[in-house]
Structure formats: C-alpha cells, structure tokens
Amino acid sequence: MSTLSRRQWLRTTGLGLGASVALPGLLPASEMSRVLGGGVAYADLLAQMERDVTTARRAAGPIRLCFNENPFGMSPKAKDALMEGWAQHTWYMPPVRETLRETFAKYVGVPADHVLVTQGSSEVLSILALAYSMEGGEIVAPWPTFEDLPRWGETLRAKVHKVPLDHNFDHDLYQMDAKIGSSTKLVFVCNPNNPTSNLADDQALRDFVSNAARRAPVIVDEAYFEFVDRPGHRSMVDLVLKGENVIVSRTASKIHGLAGLRCGFAVARPDIIQKLSQYVTGDPNVFGLQTANASLLDVEYQRFVKQKNREGRTMLLDAVARLGKKAAPSQTNFVFFQAGRPVQQVQEYFLGKGFLIGRAFPPFTDWVRVSIGTPEEMKQFVAALPGALA
Ligand SMILES: Cc1ncc(COP(=O)(O)O)c(C=O)c1O
C-alpha cells in the first residue's frame, strides 16, 4: 500500500486548516485506521497532532493548565481501539476488563491477581478509605497532597493527621512516622507529590514505607510515575511483590490522556486485592477499558508525551528561574512555583491571557501550580509570565 501524501493525509484525517476547531482527539477511529493503515509513519502522525492540538484547544476556550491533564489527549491507537468498545457496550462485565488487568499486570511486572482495575485511581483511594478507615480510625498523610484519601477519611469520620511537608517540599518522614500508632488504619504517600511536583528520595521513602507497612497498610500514589526523569527511578511495586502491606495506585488519566474515561489501578497482594474488591461500588466503562488497554501497549505514544512534557516543563522552569522566582524541582506534568502574589490574582491575570491555572494550596498561598501544555502553549504562557509575578 502506498504512503499517503501529506495533503491527502490531512484531507483524510480532517486535520487540515479547515478543521482547526475539531479536536484531533475526537477524530473518528475509522479515519485514524485509514491513516495508520495508509503508510503514514506513526511519528509523523504524532508530529501532526502536536501542530494541530494547540489550535484546537485554543478554539475551545481558555487553555486548561489547571488539572494536570494531558494536552494531547488519547493516543491515536487508543482512539482506534475506542471503536472496539462498541462491540461490547451493551454487555455487563465485558471481557476486555480481564484483558486490561493482564495488560496492566505486564506493564508493571506483577501477576494479574495483584491488580484491581478501577474507575480512575481516585476510586482506589475511596475504596481504601471504605475498606480500612471507617468510624474512628486514623490516617497519616503529608500536607498538602492529593486530597482524595484525606477527604474520604474525614467523611468516614477517621482522624486525619496532615503532616506538613518539610522546607524542601519533601514528605516529613520523621514526623509522619511519629504519628503512626495503634489506631492508624492507613498511611498515605504521594510520589511524585501533587501539588508540589517533586520526587522523594527513593531509599528514604522506600525505608519509610517498608517500616510503616509493618504497622498499617501504606498506600503509595504513583499517578505521575511515567513522567519521572530521574535515572533508575523505581516504582514501589517491588515492595508489593515482596509481600509487604503496601498498595500502589496508578492511573490511565495522566500520561495516557484518558482522564474523562476513568480508568485506574491498584497493585497489591492478592489477599488485599480481594478485600478491596468487596468495596467496589461500580464498574469502569468499556470505552475506558478498551482505550487504556491500547494505550498501555502504545510505548511510542508514551515516549512522545513524556518528551513533549519535558520540553514544556523545562521551558517553564527556566523562565521561572530567569525571573528570579523559586520553583519545586518538578518530575511531573506540572510545575509549582512562587508567584509572590495571592494565587487568585495570578489566576485572574492568566485568565485574561487565555489560560486556566491551578487553585491555591494552603499554606502556599502565593505559589501556583501550572500544568504543562503543548510546547507551543508553554511558549505563549512563558511570554505572559513576567506580568504575573510580584
Ligand atoms: C496524585 C494524584 N492521584 C490521583 C489522582 C486521580 O486521578 P484519576 O482518578 O483520574 O486516576 C490525581 C489527579 O489529579 C492525582 O494528582
């Protein structure tokens, strides 16, 4: 089969100028199949996506740099797989759920009985709170961090020890350890941490987790694992394989760009997975399952997103440094930096420039969290940055 010319290809995919308001992420999968089957190199397709996505996002309203979403959306191969969901969309318990469980198990290197597929990784956290912390237990968590587990704990009347991060934004492991007692039902760590974006020292966190897990289950939230650049960085999944009382949560929302399709994962010992399964309140939908399965296998797309994220992140971190402001060392798809003004003022300023940025995370009320968009978006953002700072 011959390779499509660029002009033919743009016409075929609807990615040409006339289609600038159509999000590439919403192209019909049948069209994408023709592209993929038509001899266009996948790298070229991804490059074209990059060129078009900024225009499409701009046309849709302010650029969303507020929720750590993937600006590129789902992988073209995931989009192709979306259509396969239609074949099973009227069924309960579609077989792809088991397929995804096995694919994810291989992705992280564990047997399939160590995996629970959930509706986003937020559901792992709510299930854990339900399973362990109801009525009167205690939870130990760093602060600020991703709030779902502490919030669920409080809803279920657990006492939540919110242990302030240290002066480097690291988990204060000494203070956290001191809070673990006989009433502790769960210990939460988030690595890299949201909203601060930094990665913990591997050995220190590993030792803390292993130690704490002798006293209470430890949940390690690794939503941003795939963005980490530190050489040799390892998931805490190996502690699960050693049989420790550790639950790792991962997601299809971030590098895989499937936040709206709700797919996440818990990795734990089979006895813990069985316990958690009893508290599941709903099933992930078949489109989320199909697309997550395809995306986990699409290594080239993951590499593409990681590289583009690195470009945008470096651009923003360099600009913040040039302007003499402090930033946490980001290992994620967002940057946390000191604007020197109340976050609300910075939000208003950027809205005027066509960008939505993150909310305030007390006590850091003059630090802002900005998600990484496409490199082109970050170029525009950085150009507007000096006017935002005190
Ligand atoms: C650290 C962390 N964990 C979990 C989540 C939840 O992700 P999801 O439920 O989409 O998997 C987020 C979302 O931003 C997050 O930042």
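A residue is called buried if 20 or more other C-beta atoms lie within 10 Å of its own, exposed if 12 or fewer do, and partly exposed in between, with the C-beta atoms placed from the backbone. The structure above is a predicted model, in which local features need pLDDT of at least 70 and side-chain atom pairs count only at pLDDT 80 or more, while totals for chains, interfaces and linings use all residues. Residues are numbered from 1 along each chain as its sequence is written.

**Exercise 1. Decide whether Arg262 is buried or exposed, and describe its place and its backbone.**

Step 1. Count the neighbours: Arg262 has 22 other C-beta atoms within 10 Å, and therefore it is buried.

Step 2. Locate the residue: Arg262 is found in the loop between β7 and β8 (264-267), where strands (E, at least two residues) and helices (H or I, at least four residues) are DSSP runs numbered from the N terminus.

Step 3. Look at the backbone: the phi of Arg262 is near 55°, which is a positive value in a residue other than glycine.

**Exercise 2. Work out which strands β6 pairs with, and which way its residues point.**

Step 1. Find the partners, remembering that two strands pair if DSSP finds at least two bridges between them. Strand β5 (residues 184-190) is joined to β6 by four bridges, and the two run parallel; four bridges also join β6 to strand β7 (residues 246-251), again in parallel.

Step 2. Match single residues: Val189 stands opposite Val220 in β6, while the bridge partner of Val218 in β7 is Val246.

Step 3. Sort the directions: from β6 (residues 218-221), Val218 and Val220 point one way and Ile219 and Asp221 the other way, and all are buried.

Step 4. Add the helix: β5, helix α9 (residues 202-212) and β6 make a right-handed β-α-β unit, which means that, with the strands pointing away from the viewer, the path from the first strand over the helix to the second runs clockwise.

**Exercise 3. Find what surrounds Leu149, and which core lists it among its residues with the most contacts.**

Step 1. Place Leu149 in its helix: in α7 (residues 148-155), Asp148, Leu149, Pro150, Trp152 and Gly153 are buried.

Step 2. List its contacts, that is, residues whose C-beta atoms, placed from the backbone, lie within 7 Å. Not counting residues up to four places away in sequence, Leu149 touches Leu125, Leu128, Ala129, Ile139, Ala141, Phe188 and Ile219.

Step 3. Turn to the core, a set of buried Ala, Val, Leu, Ile, Met, Phe, Trp, Tyr and Cys residues joined through C-beta atoms within 7 Å. The largest nonpolar core has 63 residues, and those with the most contacts inside it include Leu128, Leu149 and Phe188. A second, separate core of 25 residues includes Ile63 and Phe381.

**Exercise 4. Explain why the buried residues of α14 lie on the same side of the helix.**

Step 1. Name them: in helix α14 (residues 343-352), Val343, Val346, Gln347 and Phe350 are buried.

Step 2. Consider the arc, taken from the directions from the helix axis to the C-beta atoms: they cover only 100° around the axis, so they lie on the same side of α14.

Step 3. Examine the other face: turned away from the buried side, it carries the exposed residues Gln344, Glu348 and Gly352.

Step 4. Identify the cover: what lies over the buried residues of α14 includes β10 (355-357) and β11 (367-371).

Definitions and conventions
Contact = placed C-beta atoms within 7 Å.
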